[in-house]
Amino acid sequence: MPIDPALKRDLQAKAVQVRKLILQAVHTAGAGHVGGPLSMVEIAVAMYFKILRIDPKNPQWPDRDRYVLSKGHSCIALYATLALRGFFPVEEVFTYDAMNSRMQGHPDMTKTPGIDMSSGSLGTGASPPLGMALAAKRLGKDFHTWVHLGDGEIQEGQVWEMAFVASQYQVDNLTAIVDYNRVQQFGFPKDGNVRRRVNPLVQVPEKWRAFGWHVIECDGHDFDSLIPACEEAKTIKGRPTCIVAHTIKGKGVSFMEGDYNWHAKVPSPEELAKAFAELEAAQAG
Amino acid sequence: MAKLIEMRVTWGETMLELTKTHPNIMILDGDLGNSTMAQIVAYNAPDFYMNMGIAEQNMMGVAAGMASVGLIPWLSSFACFLANRDLDQLRVTVTQPKLNVKLAGHYSGILTGKTGKTHIDVGDIAILRALPHMTVVAPADSVECRQAVLALTDMPGPAYLRITRDAGPVIFGEDYRFAIGSVVPVREGKDLTIFGTGVQTTRAMEACDLLASEGISAHLVHVPTLKPIDVEGLVAAARKTGRVLTTEDHNIIGGLGGAVAEVLGQHHPVRMKIHGLQDCYGESGPNDAMLEKYGLTPKHIAAAAKALLNKAR
């Protein structure tokens with residue numbers, strides 16, 4: 001069911017702001033990731049502006065929902081979203097990767113307000129959310145825990161250790177979101193073409209189903225698809241839910257979309273201007 | 001003859017005791033509960049026990065998440081797995097954010113119940129003390145083990161407890177008081193100082209008797225905390241005799257010997273010898289034969305002490 005049109009317009013506007021912040025911050029830093037962050041923008045915006053029970057003024061609130069970005073290299077998208085949500089000033093996003101900055105190259109829970117777990121060594125962010133969900137049950141707390149995984153990241157074995165244990169303990173206060181953009185840092189040749197490289201992992205929803213999870217597929221860039229999927233996930237009892245969100249790496253900038261070369265590449269001034277023009281044209285259109 | 005007690009039983013019983021005073025304790029088991037004695041909690045306080053299956057990487061991450069929400073997870077597995085299989089998870093999600101996760105490394109050293117080289121980790125102290133924010137403790141006996149469990153539970157931050165599998169002599173009395181980060185004088189002497197850690201300290205006590213019978217007076221100091229290391233305590237004990245022997249059931253690289261050398265080399269250089277496993281892996285065999293072949297008996301410690309003294313002359 002489509003969401004409220006006014007809410008949708010608001011979230012879409014936020015998404016454009018986040019994309020611009022990502023590109024500007026990476027450009028300013030002269031380093032960082034681009035493709036993965038652009039892939040997760042709508043998911044982060046949906047979380048922080050609609051789904052999560054949080055208080056930006058009290059990031060350590062014990063009863064807050066937890067959100068762990070396991071694909072930690074995409075954290076600039078999270079920093080931009082947290083800033084727009086009021087966790088810290090938006091200008092601070094441009095200190096990304098700078099010495100002594102709270103905006104570290106990979107998420108550091110000891111430095112950045114709103115970061116619930118340090119992550120970035122892929123796969124290692126998958127399990128702490130399970131621990132949070134189990135602890136919530138143990139302590140009688142009603143918060144929900146979300147873990148955002150990359151589809152490249154789920155090549156890591158630890159993810160499937162987590163999938164087994166979460167299912168075994170019927171952890172229904174945990175939802176995984178797989179950012180399924182089918183591209184990873186370098187990838188594997190597609191149809192024998194060594195210059196066109198993809199993540200060849202197949203049957204992703206089936207894999208989670210086989211581990212005992214409830215699976216929902218959605219369009220990870222369409223709030224009308226994404227938000228109902230997240231709402232449904234919270235209602236599922238007796239087992240964890242995995243939302244397989246179909247996304248596009250580099251989403252929103254034509255020359256970045258689907259191209260592994262933009263996994264971690266700094267846009268030139270010309271490329272930045274062209275990207276901003278495309279994002280503004282799409283918003284106006 | 002000293003009373004013999006299995007440290008793993010002490011660990012399990014102390015964990016059970018803690019479930020009555022610490023409602024936020026949670027034992028996470030890598031499916032070894034009937035080896036590590038986590039079963040004592042699994043049977044008697046099942047709400048405080050979760051089997052995480054044969055999946056140590058996930059177990060470490062789960063512990064990090066639990067600690068971030070306020071639980072005090074104690075991981076129970078073999079030392080060889082905790083120090084290796086889940087090391088990246090420990091590094092990124094536990095020690096970097098200084099989360100309150102405790103590791104019970106069972107079957108440490110070479111006496112692992114005839115399991116062989118896969119289950120013998122000769123480098124756990126070296127690996128774990130190289131992680132910033134980590135506390136590393138190797139108790140000598142059951143009395144110290146119990147007190148270390150209590151102290152580490154109440155200390156915020158990540159910690160590793162190195163536990164020996166089989167029964168060992170109880171060397172400390174009921175008046176013993178363990179303190180994290182402090183060395184423990186065991187025997188006064190004047191010819192050389194011996195530093196021991198873990199159960200190897202009990203063998204060093206026997207070595208002192210052998211040396212005494214040959215007219216050599218050894219000053220024995222137990223070092224239960226490998227990190228943070230007791231700089232003042234080590235220097236004071238080294239200063240007493242001017243010659244230092246370290247002995248450990250661990251590789252001679254990066255363990256107690258390395259830690260002591262790091263301290264004395266910078267603060268009070270003395271002639272020194274590091275005794276332990278000679279940079280090799282283990283094998284399966286009965287305890288007595290293992291200690292003999294790998295050179296960890298009191299006789300071997302005494303020989304190392306004499307070699308140090310001869311060299312020093």
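Which residues touch the most other members of the largest nonpolar core? In this predicted model, that spot goes to Ile22(A) and Ala63(B), out of 186 residues in the core. Domain 1 (4–169) and domain 2 (184–312) of chain B both chip in residues, so the core lies between them. As for Ile22(A), its contacts beyond four places away in sequence are Val34(A), Pro37(A) and Leu38(A), plus Ile76(A), Ala77(A) and Ala80(A).

Chain B also holds an open sheet of seven strands, lined up as S3-S2-S4-S5-S7-S6-S12, with mixed pairing. Strands S3 (49–51) and S12 (225–227) of chain B sit at the edges with a single partner strand each, so one side of each has no neighbour in the sheet. From one strand to the next, the twist averages 20°. Take S2 (residues 25–29) and S4 (residues 72–78) of chain B: they run parallel and share five bridges. Here Ile25(B) has Ile72(B), in S4(B), as its bridge partner. Helix H8 (residues 142–154) of chain B lies across S4, S5 (102–106), S6 (135–137) and S7 (159–162) of that chain, and runs at about 170° to S7(B).

Then there is the contact between the chains, which draws 22 residues from chain B and 24 residues from chain A. On the chain B side, the elements giving two or more residues are helix H4 (56–69) and helix H6 (87–95). H4(B) gives the most, with 10 residues. By type, the chain B side splits into 11 nonpolar residues, 10 polar and one charged.

Terms used: Residues are numbered from 1 along each chain as its sequence is written. Chains are lettered from A and ligands numbered from 1 in the order in which they are written. This is a predicted model: local features need pLDDT of at least 70, side-chain atom pairs count only at pLDDT 80 or more; totals for chains, interfaces and linings use all residues. A nonpolar core is a set of buried Ala, Val, Leu, Ile, Met, Phe, Trp, Tyr and Cys residues joined through C-beta atoms within 7 Å. A residue is buried if 20 or more other C-beta atoms lie within 10 Å of its own, exposed if 12 or fewer, and partly exposed in between; C-beta atoms are placed from the backbone. Domain bounds come from an automatic or database domain assignment. Two residues are in contact if their C-beta atoms, placed from the backbone, lie within 7 Å. Two strands pair if DSSP finds at least two bridges between them. Helices (H or I, at least four residues) and strands (E, at least two) are DSSP runs, numbered from the N terminus. Axes are lines fitted to C-alpha atoms, for helices over the stretch in contact, and angles run from 0 to 180 degrees between N-to-C directions. Ala, Val, Leu, Ile, Met, Phe, Trp, Tyr, Cys and Pro count as nonpolar, Asp, Glu, Lys and Arg as charged, and the others, Gly among them, as polar.
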